[in-house]
Amino acid sequence: MVYELREQPWFGLYVTYQVFTTALFRLPYWSIVSYRRSWRPRLSWTVKRSVLVRLFRHLFRMTQRTGPLTTFPTHHAIVPGPGVKGVWVEAAPHLITGEIMVLATAADVQCARIPGYWIDRDKELPAGAPPRPGDKVLYRLHGGAYIQLSAHPQDPTANIARGILKYCPSITRTFAIEYRLSTAKPYKPSNPFPAALLDAVAGYNYLVNTLGFHPADIIVQGDSAGGNLALAMIRYLRDYQDFHPDLRLPPLPGGLLLLSPWADLSVSHEGPNTSIAKHYSSDYLGSRGPERVSYSKRAFLGPFGLGFAERNVYVSPASLNVWVGARFGGFPRTLVCSGGAEPLLDSIRSLWWKMERDMGKGEGPGQIAYHEARDSLHDHLIFPWHEPEVGETLQRIAEWMERG
């Protein structure tokens, strides 16, 4: 059973036991077994990285029994803090139509008012200030398997925004939407697909139609589940751009940046010889603890069920079972980044192949480029200690940005 230790006193007792035994036994043991290079998960890794990966994987497996070990901001409120620039983004029901409207009705999901957070080069710039000459904004959709993490500047995924601001001079501002997270039993089921997609569209509409950013000056960035969401939003904007003259969807953005995108929620890339099986020891996500992944899928897919992910192009655009409608012509210029040691590698390569088939290889308008960081973890840009791969990937992103 997943999250069976989520309530007190079992939560506190279990976490205390794990902290005690990890400090006294696991960390020394992991250090010993990582001392020889041939014993490390990847030969290029240092002892420090090998130990940290084992530690993070252990923490992830703990959360399969306890649920989140800490609370994080949600869509219910703007969480203040030093330097935090939060704004409210109004719902955009007038922009939802077609298949997504049908699916939202079936899932009993409505549009909602949600928070968003700015991280700017100019720390004195007010939250939600209109664009200035030369402003180019990164619109972030954070990862977390649709069940955790946050758009808040104190969230680990905000390291991506800060890294891009550091390496990419053309990006002056970043904005992240606090889209609704999904839950399933043993919690109260809430916010299944397409709730997050409705929120992502609202956030993009806020940038274009409320603040006045030109779409060409917006780069949409999604990491992990955020990459899945970014793909769904771009597909929706493309497919329904000319659906009805009164719909007035914002035009497509100037670019799309996908970091370790979770692009296949089906099982089409699972099996004994896949990256999911082979890269267990190389990544904190692991593959021998499927409960968390299963819970994430159940929560996100909600009433549609797991079978919905096998062939729905909004949910699993990289699925090997999705062919009808899984086309990427008309997408903006795209850069896909992956880690060479991450479990999602096969599905990311499938996504890249499909996009290259329809868009063409390159760095110009309507083309796709790909960067694979050798021996890197899933979503490695959120880990400051993951060097030199973090710096190399950010430099590759900066080069791609400057050519746009």
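## Salt bridges, spaces and a surface patch

K85, D120, D122, R132, D135 and R173 hang together in a network of salt bridges. Keep in mind that this is a predicted model. Across the structure, the count of salt bridges comes to 18. As background, side chains of opposite charge can pair when their charged atoms come close.

Let's start inside that network, with D135. One of its partners is R132, and the closest N and O atoms of the two are 3.8 Å apart. D135 also forms a salt bridge with R173, this time with the closest N and O atoms 3.7 Å apart. That second pair reaches between distant parts of the chain: D135 belongs to the loop between β2 (114-120) and β3 (137-141), while R173 is in strand β4 (residues 173-177), 38 residues apart.

How covered up are these three residues? D135 has a relative accessible area of 6%, so it counts as buried, the limit being under 20%. R173 is buried as well, with a relative accessible area of 1%. R132, on the other hand, is partly exposed, with a relative accessible area of 38%.

Another pair worth a look is E270 with K297, which form a salt bridge with their closest N and O atoms 3.7 Å apart. E270 sits in the loop between β6 (255-259) and α7 (275-278) and K297 in helix α8, so this salt bridge ties together parts that are 27 residues apart in sequence. What about exposure here: is each partner buried or partly exposed? E270 comes out as partly exposed, at 42% relative accessibility, whereas K297 is buried, at 9%.

Here are the three pairs side by side:

| Salt bridge | Closest N and O atoms |
|---|---|
| D135 and R132 | 3.8 Å |
| D135 and R173 | 3.7 Å |
| E270 and K297 | 3.7 Å |

Now for the empty space. Rolling a probe the size of a water molecule over the atoms shows where empty space is left. The second largest pocket has a volume of about 480 Å³. It has 26 lining residues, and the ones closest to its centre are P68, F72, I147, L181 and T183. Which elements give two or more residues to this lining? They are α2 (47-66) and α8 (291-301). Helix α8 is also where K297, the partner of E270, is found. By class, the lining of the second largest pocket splits into eleven nonpolar, 13 polar and two charged residues.

There are closed spaces too: a search of the whole structure turns up three cavities of 30 Å³ or more. The largest cavity has a volume of about 40 Å³. Around it you'll find L259, S260, C337, S338, G339, D379, H380, L381 and T393. Strand β7 (residues 334-339) gives the largest share of this lining, with three residues. Sorted by class, the lining of the largest cavity has three nonpolar, five polar and one charged residues.

Finally, over to the surface. F20, L24 and F25 make a nonpolar patch of about 330 Å². Where does L24 sit? It is in helix α1 (residues 10-33). L24 has 44% relative accessibility and so counts as partly exposed; that value also clears the cut-off for joining a patch, which asks for over 30% relative accessible area.

Note on methods:
Residues numbered from 1 in each chain as written. Predicted model: local features only at pLDDT ≥ 70, side-chain atom pairs only at ≥ 80, totals over all residues. Heavy atoms only, no water. Patch = residues over 30% accessible without salt bridge, like charges linked within 9 Å, V, L, I, M, F, W, Y side chains within 5 Å. Areas by Shrake-Rupley, 256 points an atom, 1.4 Å probe, with all protein chains shown as cover. Salt bridge = Lys/Arg side-chain N within 4 Å of Asp/Glu carboxyl O. Helix = DSSP H or I, 4+ residues; strand = E, 2+ residues; numbered from the N terminus. Buried < 20%, exposed > 50% of the residue type's maximum accessible area, 1.4 Å probe, protein only. 1 Å grid on protein atoms, 1.4 Å probe; cavity = no way out; pocket = protein on both sides within 12 Å on 5 of 7 lines; lining within 4 Å. Points joined across faces, edges and corners; volume = space filled by probe spheres on them. Nonpolar A, V, L, I, M, F, W, Y, C, P; charged D, E, K, R; others polar.
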